[in-house]
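Welcome to a short set of exercises with worked solutions. Have the structure open, try each task, and then follow the steps.

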Amino acid sequence: MLHHFDSPFSRRNVLLGGAALAVASALPGCGQGQDQVTHGGQDQAQDRIDYDWMNPMDNLEAYFKLTNSLKDRDWVHGWYSGLVFGMLPNNTPDALFGLEGFGLGYTVRQEDGAFASFWKEVGFYKDLRTNEIIETWENPYTGETNKVMHIHNRMVKGVFGTNFRSQAPVGDQAGEMFFKFPNYRASDDPSNPFILNWQTSGDQTSVWLDFRGVVPNLLDPEVWVRESTGELLPVCEMFEYVCNDDDLRNPALDRVKHSGSWIRLAPWLPWQMMGRHEGRLFYRCTTRGLGSLDELPANILAYAEQNYPEYLVNELDEDMPSESSFEVYMKENEPAAT
């Protein structure tokens with residue numbers, strides 16, 4: 001589930017508060033039709049799922065088949081790699097460092113038809129020229145040498161149902177987090193149905209999943225003066241997944257191979273020590289589902305084996321609360337001296 005990438009807030013709040021809504025009491029089946037396909041010169045009849053992209057349950061089923069698995073606790077693995085840019089007002093983006101990582105997890109179908117997702121993830125920042133994983137970074141904006149904190153989130157979980165929420169309450173106060181979800185084709189429906197932007201071209205089908213919003217900053221700017229960019233964080237994350245259309249519509253498959261992209265606009269990272277410095281970060285990454293973690297690049301696998309071996313094992317504690325990198329940073333660090 002590559003849409004679970006590093007975010008500056010708790011996925012427990014975002015997913016359970018935003019997308020974890022009750023689905024219909026009865027699970028409607030996807031419509032199926034008969035197509036004639038040819039294999040080895042012989043015609044064979046094959047069931048083919050005829051998804052209705054305006055049906056929220058069809059969207060939910062297809063999305064989890066593409067990005068994860070319809071089979072309970074079927075471990076899946078994902079990889080991503082790209083660059084992180086710095087964006088200052090009235091300037092073009094400047095590449096700052098690379099980012100490469102992976103995640104693994106599974107889903108569990110709920111009695112009401114929703115999907116509970118459980119995931120863990122790591123991401124390693126890299127030198128632009130050498131492609132080597134870095135432990136320190138020369139900050140061109142401040143002239144300082146910053147200690148890098150790689151992404152390592154032990155639990156990212158949530159429940160996805162057949163509709164979104166445009167305003168998701170967090171904690172005890174409603175309305176302190178505001179999100180726009182990607183149901184562009186049904187944006188006038190007040191129930192915010194889980195309807196995504198599916199597109200088919202030739203034998204390939206793609207889908208977007210993104211969210212745009214403003215969330216409270218977990219790092220109090222009065223305490224984390226150098227690490228915090230302010231009381232509120234504007235966040236935008238956009239994902240695209242691409243797969244073979246025949247595989248997606250094949251009822252015999254619980255999951256399909258996919259590739260895609262991840263784009264993110266977000267504030268500076270805490271370890272960059274940028275405080276209220278103007279600007280933000282822009283991420284651009286390629287993503288891909290893996291058959292196993294053995295498909296990871298050798299340097300990424302070796303670094304994980306040495307430093308984060310627990311992320312290479314198919315084990316998760318489903319009772320563990322979600323955590324974001326901002327929460328991990330708070331647990332593992334003290335506020336920097338001003």
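**Exercise 1.** Work out which parts of the chain the salt bridge between glutamate 323 and arginine 154 links, and how covered each partner is.

*Solution.* Keep in mind that this is a predicted model.
- Step 1: the two side chains meet with N and O 3.4 Å apart, which is within the 4 Å cut-off for a salt bridge.
- Step 2: glutamate 323 sits in the loop between H4 and H5, while arginine 154 belongs to strand E8 (residues 151-160), so the pair links distant parts of the chain, 169 residues apart.
- Step 3: glutamate 323 has 4% relative accessibility and counts as buried, because buried means under 20%.
- Step 4: arginine 154, at 43%, is partly exposed.

**Exercise 2.** Find the salt-bridge partner of glutamate 318 and place both residues.

*Solution.*
- Step 1: the partner is arginine 73, with the closest N and O atoms 3.0 Å apart.
- Step 2: glutamate 318 lies in the loop between helix H4 (298-307) and H5, and arginine 73 in the loop between H2 and strand E3 (76-87), so the bridge ties together parts 245 residues apart in sequence.
- Step 3: glutamate 318 is partly exposed at 23%, and arginine 73 is partly exposed at 44%.

**Exercise 3.** Describe helix H2: its span, its burial and the contact at its start.

*Solution.*
- Step 1: H2 (residues 56-67) reaches 16 Å from first to last C-alpha, close to the 16 Å expected.
- Step 2: of its 12 residues, 11 are buried, including Tyr63 and Phe64.
- Step 3: at the start of H2, a side-chain oxygen of asparagine 55 comes within 2.8 Å of the backbone nitrogen of methionine 57.

Technical notes:
Residues are numbered from 1 along each chain as its sequence is written. This is a predicted model: local features need pLDDT of at least 70, side-chain atom pairs count only at pLDDT 80 or more; totals for chains, interfaces and linings use all residues. Side-chain values use heavy atoms; hydrogens and water are left out. Helices (H or I, at least four residues) and strands (E, at least two) are DSSP runs, numbered from the N terminus. The expected span of a helix is 1.5 Å times one less than its number of residues. Buried means under 20% relative accessible area, exposed over 50%, partly exposed in between (1.4 Å probe, protein chains only). A polar contact is a pair of N or O atoms within 3.5 Å; within protein, one must be able to donate a hydrogen and the other to accept it, and residues adjacent in sequence count only if both atoms are side-chain atoms.
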